[in-house]
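Reader: I am new to reading protein structures. Could you take me through one, a step at a time?

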Amino acid sequence: MSEKIKIDFEKTVKMSNFSEKELNTKKFHLNKFIESGFPNRKLENWKFIDLSKIIRENIEDLSFYNDQSITNSIDTSSLIDGLEHNKIIFINGRIEKIDFSYEDKNQIEIYDDVLINDSFENSNSLINLNNAFRNKYYKILVKKNYSIKKPLIIYHFANEKINSKNINLRLDFELEQNSSLKLIDYFSDKTVKNFTNIVYNFDLKTYSILKNFKIDKSSNKNFRYSFNNIEQEKNSISETFILSSGSNYFKNEINCNLKGEYSSAFVNGIFSLRDGQQHEIRTTINHLVENTKSYQLIKSVLGKNTKAAYQGRIYVDSKAQKTDGYQLSKAILLDESSEFNAKPELEIYADDVKCSHGSASGSLNENSIFYLMSRGLNYKQAKELLINGFLLDVIEKITDSEIKNLIKNMIGLKE
Amino acid sequence: MDTREKDIENLKDYKYGFSTDIENIRAPKGLNEDVIKFISNIKKEPKWMLEFRLKAYERFKLLKEPDWQKPKFPKIDYQDLYYYSAPKSMKDKPKSLDELDPKLLETYKKLGIPLQEQARLNGIAVDAVFDSVSVATTFKGELTKHGIIFCSMSEAIQKHPDLVKKYLGTVIPTTDHFFATLNSAVFTDGSFVYIPEGVRCPMELSTYFRINASETGQFERTLIIADKGSYVSYLEGCTAPMRDENQLHAANVELIALDDAEIKYSTVQNWYPGDENGKGGIYNFVTKRGLCKGKNSKISWTQVETGSAITWKYPSCILRGDNSIGEFYSIAITNNHQKADTGTKMIHLGKNTKSKIISKGISAGFSDMTYRGLVDINSKAKNSSNYTQCDSLLMGNRCGAHTVPYIKNKNFDSNIAHEATTSKISEEQLHYCQQRGLNAEEAVGLIVNGFCKEVLQQLPMEFAVEAQKLVGISLEGSVG
């Protein structure tokens, strides 16, 4: 693989004009990636689902080179209906459109040449890969006291032109004091065997609010990795919702540093898997100062041959007294061949804290099904009703009613 | 001064910290084939046993010391240890207690374990292990009547080679992890228990481990076999003298329960924990594993871990037989600079298997405590269930408490529930107790004992009292 990747790297470099400094950084990251390769199960964080193996078995001839010179036409029919929104559209990893038409132009700034800042604590070889190959990289800044009026939807589209390709994306967001942003990541494509690697970095200043929704709904045969790094200052709030359902393989990683007092982080996730899918959510919440709060709720419904993993870690620094941390993961296994793995981890160095976690997994309760059937539902309906109720719990945690309804409609849940 | 206070006064310092001046026979320093042959030779072992050891040693040479654990420790130089040390007077094993070196008897008396049978009123049979050898086993006559074999491992290898050969290494094979393999190569002594079919062992069996010599590693091996329909309750206690250096203790314990058998294994571990500044103390790296081989069998581990500089162990159950049950009850207390990384593994292979884990961790001072556990339900383990509860209590903000559970469910008929909390003693509770006339320390003692109650209840009577005291003592000076 290392020969191939070097050739692809040369091609990529030729296409763009990087400065000497940028090029050196890229080469550094490239070498780091070549050294460690795709993460495999020998690494603690990847022990449940082995990406290296998945890529080896599914994508024979992965190409890292991505021709960014051709523009792609936007298929407007695949845009989300019934919700006014701003958009950024990626097609095959290339930004085709940035549209903030609902917003005050002076209040949002978009930069496209920012110095690479990669001091993530939880670095891994995929972030190196991203650094080496991503092309352009945007930073979106929401100015002080400005609340975005309509949600921003980032579309991740791909068309039939790409196959067995690795796409690397990177976006940075900065929310200035007292600003807010609603962000939806929407994954929709029908392509096969591509590996997308997305890195976001969020910088939340005091009193800012971030709501991020990741929606992977339409079924496709791709492999995705997403890494969100969130830095939070005083009184800021972040809310992340993950619907993990469409792709063949999807791993969402969230690293959140609660650096300011009274900051809070919420992570809610749903796995709804069928036919051999393998998905994972891994969270690391670092409580670094006093009076911070985190809440995580992950629910899974697992069909045939599927595998889901949840690794949640709460770290409480010795300075972080009065921390409130909570973690709950629940799974319903629908088939003999489904598998659920959890590793809810607490690492605590302060004594005046309230931290707890819970994890439960099992099959649907036969008594509940019997009860519903005695009321006239058939077996299938009873099962569906129970599953919907189980998942609705997570969706009800969404604090934005417009987006909550959008997501409910998408997965066919009604009030 | 009432008796409780006196007890605490007596125990405030590590009262087992004395050492006995006794002449020793040692193997040459270091680890190599010759040392293994020396051990095997001095114990007059049959050839198959030596082969077992050498096979393990071959494997050991290929292994690297694991480093994934939470408590880090300076590298151990395995060539700088004595792998065999025995009191000289044990060279020709005394036939009865009357012939035993009076110094040894005195040592055990000081430890509160009188070996003279007439002195025992509470009817516990004891096997005392001093450094590398078993020095005495009591109540042999009574046990033989029931057909129970309770003797030292060396004796079992001589007298019951068939049983040892059949079961040794079946739960912890010679190809296991680093410390277990090291033990397989150099183990010196330990206890052997065989309970015949249908026998309910009339008394508690107990082993008392004592490390005396310096620069010595203790590697004992215990094997307990409960044949069909039998029951045994086994206790284990440990102490060591205070020394500045760290000493290694790497034992292997194998339990095998056949159809309808039940084994209850309790440990009160009080190895020397090092001084206030974290100097010295025992490295307690023990492999304990039980196999529920037969149908309806049950293995229950109870541990009270208060000693050792570093405790690193995971008493585990492999639930192979259908309807078998595994239980794990643990209290782990760390104070000063002690560190612990402990928990359990429950591996469900058979149908309708059940497991229960109750773990209570208390950390104070500068200590660090980790609960690490695995619950693995195999795809064939239909209708299995697990319940896990692990609670941690923190005292002061210089200590740490961590929970790292691994939960794997591959069976849709099975249920796993896991709960964990971390908290400190609430001001309200303390206030309430103090209002009723308890001082701060007593109040903490009371609350901590309540916190641990679920586990303490599982211990046999005599141990429960001792453990309760230990819990109080281990936390001395951590309040306020």
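Author: Here are short questions and answers on a predicted model.

Reader: How many helices and strands are there in chain B?

Author: Chain B has 480 residues, and 55% of them count as buried. Of its contacts between residues at least 6 apart in sequence, 83% join residues at least 24 apart. As for elements, chain B holds 11 helices and 24 strands.

Reader: Which helix gives the most to the largest nonpolar core?

Author: The largest nonpolar core has 215 residues. V193(B) and I263(B) have the most contacts inside it. The helix that gives the most to this core supplies 7 residues, and it is α10 of chain B, residues 440-456.

Reader: Which residues is V193(B) in contact with, leaving aside its neighbours within four places in sequence?

Author: V193(B) is one of the two residues named for the most contacts inside the largest core. Its neighbours within four places in sequence are left aside here. The contacts are then I149(B), F150(B), L205(B), I224(B), I225(B), V232(B) and Y234(B).

Reader: Which element gives the most to the side of chain A that touches chain B?

Author: The contact takes 32 residues from chain A and 30 residues from chain B. On the chain A side, two elements give two or more residues: β18 (339-348) and β19 (354-362). By class, that side has 12 nonpolar, 11 polar and 9 charged residues. The element that gives the most, with 10 residues, is β18(A).

Reader: Which strand of chain B does β18(A) pair with, and in what sense?

Author: Look first at F340(A), which stands opposite N409(B) in β23(B). The pairing runs over 6 bridges. The partner is β23(B), residues 400-409, and the sense is antiparallel.

Reader: At what angle do α3 and α8 of chain B pack?

Author: Helix α3(B) covers residues 47-62, and α8(B) covers residues 178-186. From α3(B), the contact uses R53(B), A56(B), Y57(B), R59(B) and F60(B). From α8(B), it uses T181(B), L182(B), S184(B) and A185(B). The axes are 7 Å apart, and the angle is about 145 degrees.

Reader: Of which hand is the crossing of α3(B) and α8(B)?

Author: By class, the contact of these helices has 5 nonpolar, 2 polar and 2 charged residues. Where α3(B) passes α8(B), the crossing is left-handed.

Reader: Which residues does L63(B) touch, not counting those up to four places away in sequence?

Author: L63(B) lies in the loop between α3 and β2 (85-87) of chain B. L63(B) and L182(B) are 119 residues apart along the chain, yet their C-alpha atoms are separated by 9.7 Å. The residues that L63(B) touches are F178(B) and T181(B).

Reader: Why is L63(B) partly exposed?

Author: A residue is buried at 20 or more other C-beta atoms within 10 Å, and exposed at 12 or fewer. L63(B) has 15, so it counts as partly exposed.

Reader: Where is K193(A) found?

Author: Most residues other than glycine have a negative phi. K193(A) has a positive phi of about 60 degrees although it is not a glycine. With 19 other C-beta atoms within 10 Å, K193(A) is partly exposed. Its place is in strand β8 of chain A, residues 192-204.

Reader: Where is Y262(A) found?

Author: Phi of Y262(A) is also positive, near 60 degrees, in a residue other than glycine. Y262(A) has 18 other C-beta atoms within 10 Å, so it is partly exposed. Its place is the loop between β12 (249-258) and β13 (264-273) of chain A.

Note on methods:
Residues numbered from 1 in each chain as written. Chains lettered and ligands numbered in written order. Predicted model: local features only at pLDDT ≥ 70, side-chain atom pairs only at ≥ 80, totals over all residues. Core = buried A, V, L, I, M, F, W, Y, C linked by C-beta atoms within 7 Å. Helix = DSSP H or I, 4+ residues; strand = E, 2+ residues; numbered from the N terminus. Contact = placed C-beta atoms within 7 Å. Nonpolar A, V, L, I, M, F, W, Y, C, P; charged D, E, K, R; others polar. Pairing = 2+ DSSP bridges. Axes fitted to C-alpha atoms, helices over the stretch in contact; angles between N-to-C directions. Left-handed = near helix turned anticlockwise from the far one by under 90°.
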